[in-house]
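Here are my notes for you on this one, written as numbered points. Keep the picture open while you read, and find each piece as it comes up.

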Amino acid sequence: MARTQKNKATAHHLGLLKAKLAKLRRELIAPPSKGGGGAGEGFDVTKSGDARVGLVGFPSVGKSTLLNKLTGTFSEVASYEFTTLTCIPGVIMYRGAKIQLLDLPGIIEGAKDGKGRGRQVIKKELEGFGIRLNKEPPNLTFRRKDKGGINFTSTVTNTHLDLDTVKAICSEYRIHNADVNLRYDATADDLIDIIEGSRVYMPCIYVVNKIDQITLEELEILDKLPHYCPISAHLEWNLDGLLDKIWEYLNLTRIYTKPKGMNPDYEDPVILSSKKKTVEDFCNRIHKDMLKQFKYALVWGSSAKHTSPKE
Ligand SMILES: Nc1nc2c(ncn2[C@@H]2O[C@H](COP(=O)(O)OP(=O)(O)OP(=O)(O)O)[C@@H](O)[C@H]2O)c(=O)[nH]1
Ligand SMILES: [K+]
Ligand SMILES: [Mg+2]
């Protein structure tokens, strides 16, 4: 792909290569079909709490130190690499929510020729597993049909995709009939993401640890970068700032239930995730049968779409 000149004539060829790569990546990381589902060797940690946050990073950057400081859970800390070899869970209680924090073994660069360090490598590794960081799902519709060929429409001017490229990508997936509609300037990778499905979109904070070892000038540069959070886990610098940022990125909604004529119980909120926060989701969190008898809800608060009149 690097050797292919990028222009209109080669766009469909590049799109085809990208689709081939996406397919090969999926096969590479797919769990083996036979041989019994392994026990996961310590990586299978029971999901608990209202949200989960994973610590992903190079060896010895201070992930375990951070887990210990934020959750009080013990995970071994040492100056040598790969001290942590399994997944160690801890719990943060924050603003009424129970957040599960996962300490993980250090990751190393998968690509031998990867020149980047730090953020670029982490991003590349996660992207390779179908994880999309700080990104919204592509705003495009892709609908398979039985006949009619590939129909490509767009409500905006496209600089990345044209009919030939869309056809080339679809043919790689043996899709010969489909409607593709774009509502923004989508790339070949965006279209592939939609066809592949099973992409996971999640927020990500780049925590820069050990700021006790850098200069103030360096710190000022780091502080301005989007999604960055400088800390010193060891000296407990800016851990409050990090918690704030985790809270912001998790985008949780707290619902306080209110008995009629009485004040809400501000001690024990029901926590809803950013993706499931309707009244229906709330009911299902309380009890699976609640919806059957449900008539109406009175909702107050800054995040309510329709605020109810005062009781
Ligand atoms: N100067 C400084 N050192 C730190 C800080 N946080 C952690 N360390 C040190 O960095 C080393 C590695 O810390 P760990 O917490 O074991 O790092 P890790 O990322 O869990 O390492 P692995 O489990 O091996 O991947 C230890 O010697 C820590 O004491 C910090 O904020 N400042
Ligand atoms: K270590
Ligand atoms: Mg560790």
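1. Let's start with one facing pair: M93 sits opposite K98 in β3. Right beside that in the notes, Y94 stands opposite A97 in β3. Strands here are DSSP runs of E with at least two residues, helices are runs of H or I with at least four residues, and both are numbered from the N terminus.

2. Some housekeeping before we go on. This is a predicted model, where local features need pLDDT of at least 70, side-chain atom pairs count only at pLDDT 80 or more, and totals for chains, interfaces and linings use all residues. Residues are numbered from 1 along each chain as its sequence is written, while chains are lettered from A and ligands numbered from 1 in the order in which they are written.

3. Back to the strands. β2 (residues 88-94) pairs with β3 in the antiparallel sense, over seven bridges. Two strands count as paired if DSSP finds at least two bridges between them. β2 and β3 make a hairpin with two residues between them, and in that turn R95 has a positive phi of about 50°.

4. What does β3 do with β1? Strand β1 (residues 51-55) and strand β3 (residues 97-103) pair in the parallel sense, over five bridges. One match to look for is V53, whose bridge partner in β3 is L101. As background, strands of a sheet pair through backbone hydrogen bonds, either parallel or antiparallel.

5. Now put those strands together. They form an open sheet of three strands in the order β1-β3-β2, with mixed pairing. β1 and β2 stand at the edges with a single partner strand each, so one side of each has no neighbour in the sheet. The twist averages 25° from one strand to the next. Helix α2 (residues 63-71) lies across β1, β2 and β3, and runs at about 40° to β2. For angles like these, axes are lines fitted to C-alpha atoms (for helices, over the stretch in contact), and the angle runs from 0 to 180 degrees between N-to-C directions.

6. There is another open sheet of three strands, in the order β5-β7-β6, again with mixed pairing. At its edges stand β5 (140-144) and β6 (150-154), each with a single partner strand, so one side of each is left without a neighbour in the sheet. Here the twist averages 10° from one strand to the next. β6 and strand β7 (residues 178-182) run parallel and are joined by five bridges; I150, for instance, has A178 as its bridge partner in β7. Helix α4 (residues 163-172) packs on this sheet, touching β6 and β7, and its direction makes about 135° with that of β6. Contact between two residues means that their C-beta atoms, placed from the backbone, lie within 7 Å.

7. How do α1 and α4 pack? Their angle is about 25°, with the axes 8 Å apart. That makes α1 roughly parallel to α4, because angles under 35 degrees count as roughly parallel, over 145 as roughly antiparallel, 65 to 115 as roughly perpendicular and the rest as oblique. The crossing of α1 and α4 is right-handed (the near helix is turned clockwise from the far one by less than a right angle; anticlockwise would be left-handed). On the α1 side you'll find A11, H12, G15, L16, A19 and K20, which meet D164, T165, A168, I169 and E172 in α4. By class, this contact has five nonpolar, three polar and three charged residues. Nonpolar covers Ala, Val, Leu, Ile, Met, Phe, Trp, Tyr, Cys and Pro; charged covers Asp, Glu, Lys and Arg; the others, Gly among them, are polar.

8. Helix α1 (residues 8-29) also packs with helix α5 (residues 188-196), at an angle of about 40° and with axes 10 Å apart. That makes α1 oblique to α5, and their crossing is right-handed. L14, G15, K18, A19, A22 and R26 of α1 make the contact with A188, D189, I192 and E196 of α5. The classes come to five nonpolar, one polar and four charged residues.

9. Last helix pair: α4 and α5 pack at about 35°, with their axes 11 Å apart, and α4 passes α5 in a right-handed crossing. T165, V166 and I169 in α4 meet A188, L191 and I192 in α5. Which classes turn up in the contact of α4 with α5? Five residues are nonpolar, one is polar and none is charged.
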